[in-house]
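Have a look at the chain below, and then let's work through it together, one question at a time. Each answer walks through a little reasoning before it lands on the name or value asked for.

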Amino acid sequence: MVATKRIKTYIRGLDEHLQGGIPLGHTVLIAGKPGTMKSSVAYNVLYHNAKEENKSGVYVTLEQSRDSVVDSMAGLGMELDGIDERLSVLDLSMIRKKLKQLSKQSWIEVFKMYVNNLKGSMDVDLLVLDSLPVLQVMAKFEDPRDDLFRFFEWLRELGITSFLIAEMDQDGNKFCAHGEDFLSDGIMHLDLRRDDRVVNLFLSIVKMRKTAHKRGYFPLIFDEGGFEVVTH
Ligand SMILES: Nc1ncnc2c1ncn2[C@@H]1O[C@H](COP(=O)(O)OP(=O)(O)OP(=O)(O)O)[C@@H](O)[C@H]1O
Ligand SMILES: [Mg+2]
């Protein structure tokens with residue numbers, strides 16, 4: 001049997017529990033409530049893969065500006081300087097403005113055109129979409145289930161390993177609204193839990209196709225050494 005090629009998450013302690021990382025070409029949801037470090041965890045994968053593995057990544061932000069993303073990630077020690085040829089941060093919220101000039105094309109068609117053009121001009125190994133619910137609002141999906149099915153198929157056909165950020169409601173337990181959890185190949189769940197006055201962040205691999213992984217919620221720590229999960 002040929003071993004599955006994998007993308008490292010560069011979260012210490014996690015890759016060993018994923019048989020080395022996330023299978024190449026997977027579409028993975030990163031789900032969590034507000035402020036659970038979804039964007040930081042996704043950026044961390046692109047950042048370290050650009051730096052250590054020479055892999056190219058595109059981080060598409062739809063609600064936070066490019067400057068805000070780049071600045072907050074630099075604040076976490078992930079500076080763009082020196083790797084900006086392999087890590088592009090794109091604010092595509094402006095497609096909305098461009099659309100007005102682009103006749104009848106739908107938002108999602110324009111989005112796909114951007115990604116296809118990027119793929120033509122550079123190798124894109126990894127893609128982050130921050131966030132999937134915002135894409136759904138912007139794209140005005142008529143039949144979300146069917147449209148999302150097609151969108152996931154399109155991502156798979158591109159052969160890019162993608163991370164889609166799913167925003168969970170503060171008071172709900174659903175990862176997403178339209179069955180994206182079934183469509184995706186993997187789900188990482190970030191969860192803040194309160195123990196009296198102490199709030200800790202936990203990470204769980206809810207699913208990861210083609211991978212034997214531990215279930216359970218592991219403390220996720222961020223310090224000067226980056227992200228680490230405690231699995232013992
Ligand atoms: N150095 C740090 N160490 C630990 N946690 C931090 C540090 N810096 C920021 N944070 C936490 O990370 C949060 C922001 O992370 P991030 O933007 O990745 O979260 P998010 O889940 O994407 O948020 P949102 O729901 O707003 O999109 C901050 O609100 C803060 O609580
Ligand atoms: Mg975010």
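Q: In β11, which residue is the bridge partner of Leu220?
A: Keep in mind that this is a predicted model. Strands β10 and β11 (residues 226–229) pair in the antiparallel sense over 4 bridges, and a hairpin joins them through 2 residues. Within that pairing, the bridge partner of Leu220 in β11 is Val229.

Q: Which residue of β10 stands opposite Phe202?
A: β10 also pairs with β9, in the antiparallel sense and over 2 bridges. There, Phe202 stands opposite Pro219.

Q: What is the phi of Lys210, and where is this residue found?
A: Lys210 is found in the loop between β9 (198–208) and β10 (218–223). It counts as partly exposed, because it has 14 C-beta neighbours inside 10 Å. Most residues other than glycine have a negative phi. Lys210 has a positive value, with phi near 60°.

Q: Is Asn54 buried or exposed?
A: Asn54 lies in the loop between α1 and β4, and its phi is positive, near 60°. A residue counts as exposed if 12 or fewer other C-beta atoms lie within 10 Å of its own. Asn54 has 11 such atoms, so it is exposed.

Q: How many residues of strand β3 are buried?
A: Thr27, Leu29 and Ala31 point one way from β3, while Val28, Ile30 and Gly32 point the other way. Residues on both sides are buried. The strand is therefore largely enclosed by the rest of the structure, and the count of buried residues is 6 of the 6.

Q: Which residue of β7 is the bridge partner of Val28?
A: β3 and strand β7 (residues 161–167) pair in the parallel sense over 6 bridges. In β7, the partner of Val28 is Phe163.

Q: Which residue of β8 stands opposite Leu29?
A: β3 also pairs in the parallel sense with strand β8 (residues 186–195), over 5 bridges. In β8, the residue opposite Leu29 is Ile187.

Q: Which helix gives the most to the largest nonpolar core?
A: In soluble globular proteins, nonpolar side chains tend to be buried together. The largest nonpolar core here has 59 residues, and those with the most contacts inside it are Ile30, Leu46, Tyr59 and Ala166. With 7 residues, the element that gives the most to this core is α1.

Q: Which peptide bond leading to Ser131 is cis?
A: Ser131 is among the residues that Ala166 touches, a list that also includes Leu29, Ile30 and Phe175. Ser131 sits in the loop between β6 (126–130) and α5 (132–139). Most peptide bonds are trans. The cis bond, with omega near 10°, runs from Asp130 to Ser131.

Q: Why do the buried residues of α2 line one face of the helix?
A: The buried residues of helix α2 (residues 66–75) are Val69, Val70 and Met73. Seen down the axis of α2, they line one face because they fall within an arc of 95°.

Q: What do the buried residues of α2 pack against?
A: The face turned away from the buried side of α2 carries the exposed residues Asp67, Asp71 and Gly75. The buried residues of α2, in turn, pack against α1, β4 (57–61) and β5 (87–91).

Q: Which residues does Leu90 touch, leaving aside those up to four places away in sequence?
A: Leu90 is found in strand β5. It counts as partly exposed, because it has 17 C-beta neighbours inside 10 Å. Not counting residues up to four places away in sequence, Leu90 touches Val58, Tyr59 and Val60.

Q: How many residues does helix α1 give to the shell around ligand 1?
A: The residues around ligand 1 include Gly32, Lys38, Ser39, Ser40, Leu76 and Phe222. The shell divides into 4 nonpolar, 5 polar and 1 charged. Helix α1 (residues 38–53) gives the most to it, and its share is 3 residues.

Technical notes: Residues numbered from 1 in each chain as written. Chains lettered and ligands numbered in written order. Predicted model: local features only at pLDDT ≥ 70, side-chain atom pairs only at ≥ 80, totals over all residues. Near = placed C-beta within 6 Å. Nonpolar A, V, L, I, M, F, W, Y, C, P; charged D, E, K, R; others polar. Buried ≥ 20, exposed ≤ 12 C-beta atoms within 10 Å, placed from the backbone. Arc of directions from axis to C-beta. Contact = placed C-beta atoms within 7 Å. Pairing = 2+ DSSP bridges. Core = buried A, V, L, I, M, F, W, Y, C linked by C-beta atoms within 7 Å.
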